[in-house]
Amino acid sequence: MSEERRAFPPDREGHISRSGVRLHYEVSGVGDPPLLFLPAWDIVHARTWKFQVPYFARRHRVVTVDPRGNGRSGRPTSPEAYTEAEHVRDAIDVMDEAGIARAVVVAFSRGAWHAALLAAQHPDRVLGMVLAGSSSPLGGPSARAAYPFDEVLPTGESWAKYNRHYWRRDYRGFVEFFISRVFTEPHSTKHIEDAVGWGLETTADVLTASEAAPRQLARLREDQEAARAVYRSIRCPLLIVHGSDDAIVPWSRGAAIAEVTGAPLVTIAGGGHHLFAREPVRMNLLLREFIDRRVIA
């Protein structure tokens, strides 16, 4: 990972190794309840939480993790290294290494699906959960679903770029396009610049392995009752947030999760996919209120 000057360095950092894959984590601040910010997708690393860590570390112990595939974590190229079970186990093992028995889990995008599985499978480890822009087997299709990932396509325009063959031809072109759809709000130049840089720290081979991993999410799109059962099994306090203009994950997915779980849904009017970066003050206040009123109270 390229070195970046940081106004708020972590109090402690380290790594664990699982099945030969190195996972880098950082711990900042002290205070309960601890907060675990999960990785999103491998196209970005833990610096995507740079607007949350300094704020919450004043009151909480905050843990972030570089995902397998980016940052200072390892970059396996086997699809089996990127299954949901591996991501959930990563979270549990990092919590153990950091000495955290239970935490409030915060996630967005694909990380929000991993968080849901974490809460469903390990309810004793999750005090509460905030999910934004949630990838989910529930809700309507995403724009990229119109183009097959594995086939050679006659076009490389728009979401046809989300394709393994295009990634091998023009990985930078894909990253620039994808990040532009993450940040659809006006005046997002700096956010896009940062995230494109993080995306170029990994490779087309890594993202291809991640996309090709056998995933429960894909199977549950065909079994909606089983998908709903995953969310219904979550017992901790839960808050769902989604941008009305999310161009990566449709708003209908956040709405479907809220309907199944009975959790409150906060819709950010005009908001895109990465609300924690683009609306940091609002999201930090929402998270703080959630912790104070629904976790600590």
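A cavity is a set of grid points where a 1.4 Å probe fits but cannot get out. The model described here is predicted. Its empty spaces come first, then its strands, then its unusual backbone sites.

**Cavities and pocket**

Rolling a probe the size of a water molecule over the atoms shows where empty space is left. Searching the whole structure in this way yields 5 cavities of 30 Å³ or more. The second largest cavity holds about 110 Å³ of space. It has 14 lining residues, and Ile-43, Val-44, Phe-108, Phe-178 and Val-182 lie nearest its centre. Helix H5 (residues 171-182) gives the largest share of that lining, 3 residues. No charged residue lines the second largest cavity; its lining divides into 10 nonpolar and 4 polar residues.

The largest cavity contains about 140 Å³ of space. Its lining numbers 16 residues, with Leu-38, Pro-39, His-87, Asp-90 and Ala-91 nearest the centre. Helix H2 (84-97) and H3 each contribute at least two residues to this lining. Here charged residues do appear: the classes are 10 nonpolar, 3 polar and 3 charged.

The largest pocket is an open space of about 570 Å³. Among its 27 lining residues, Arg-110, Arg-144, Glu-211, Arg-215 and Arg-221 are closest to its centre. Two elements give two or more residues to the lining: helix H7 (204-212) and helix H8 (216-220). By class, the pocket lining has 15 nonpolar, 5 polar and 7 charged residues.

The table sets out the volumes and residue classes.

| Space | Volume | Lining classes |
|---|---|---|
| Largest pocket | about 570 Å³ | 15 nonpolar, 5 polar, 7 charged |
| Largest cavity | about 140 Å³ | 10 nonpolar, 3 polar, 3 charged |
| Second largest cavity | about 110 Å³ | 10 nonpolar, 4 polar, no charged |

**Strand E6 and its partners**

Is E6 enclosed or open? Of its 7 residues, 6 are buried, so E6 is largely enclosed by the rest of the structure. The chain reaches E6 from E5 through H3, and this β-α-β crossover is right-handed. E5 and E6 pair in the parallel sense over 6 bridges. Strand E7 (residues 238-243) also pairs with E6 in the parallel sense, over 4 bridges.

Leu-131 links the two pairings. Its bridge to E5 is with Ala-107. In E7, its bridge partner is Ile-240.

**Unusual backbone sites**

Most residues other than glycine have a negative phi, and most peptide bonds are trans. Three sites depart from this pattern.

A cis peptide bond joins Asp-32 to Pro-33, with omega about -5°. Pro-33 sits in the loop between strand E2 (21-28) and strand E3 (35-37).

Ser-109 is not a glycine, yet its phi is positive, about 60°. It occupies the loop between strand E5 (103-108) and helix H3 (110-121). Buried or exposed? The relative accessibility of Ser-109 is 9%, so it counts as buried, the cut-off being under 20%.

Ser-158 also has a positive phi, near 50°. Its loop runs between strand E6 (126-132) and helix H4 (164-169). Ser-158 counts as partly exposed because its relative accessibility is 35%.

How values were computed:
Residues numbered from 1 in each chain as written. Predicted model: local features only at pLDDT ≥ 70, side-chain atom pairs only at ≥ 80, totals over all residues. Heavy atoms only, no water. Buried < 20%, exposed > 50% of the residue type's maximum accessible area, 1.4 Å probe, protein only. Pairing = 2+ DSSP bridges. Right-handed = clockwise from strand over helix to strand, strands pointing away. 1 Å grid on protein atoms, 1.4 Å probe; cavity = no way out; pocket = protein on both sides within 12 Å on 5 of 7 lines; lining within 4 Å. Points joined across faces, edges and corners; volume = space filled by probe spheres on them. Nonpolar A, V, L, I, M, F, W, Y, C, P; charged D, E, K, R; others polar.
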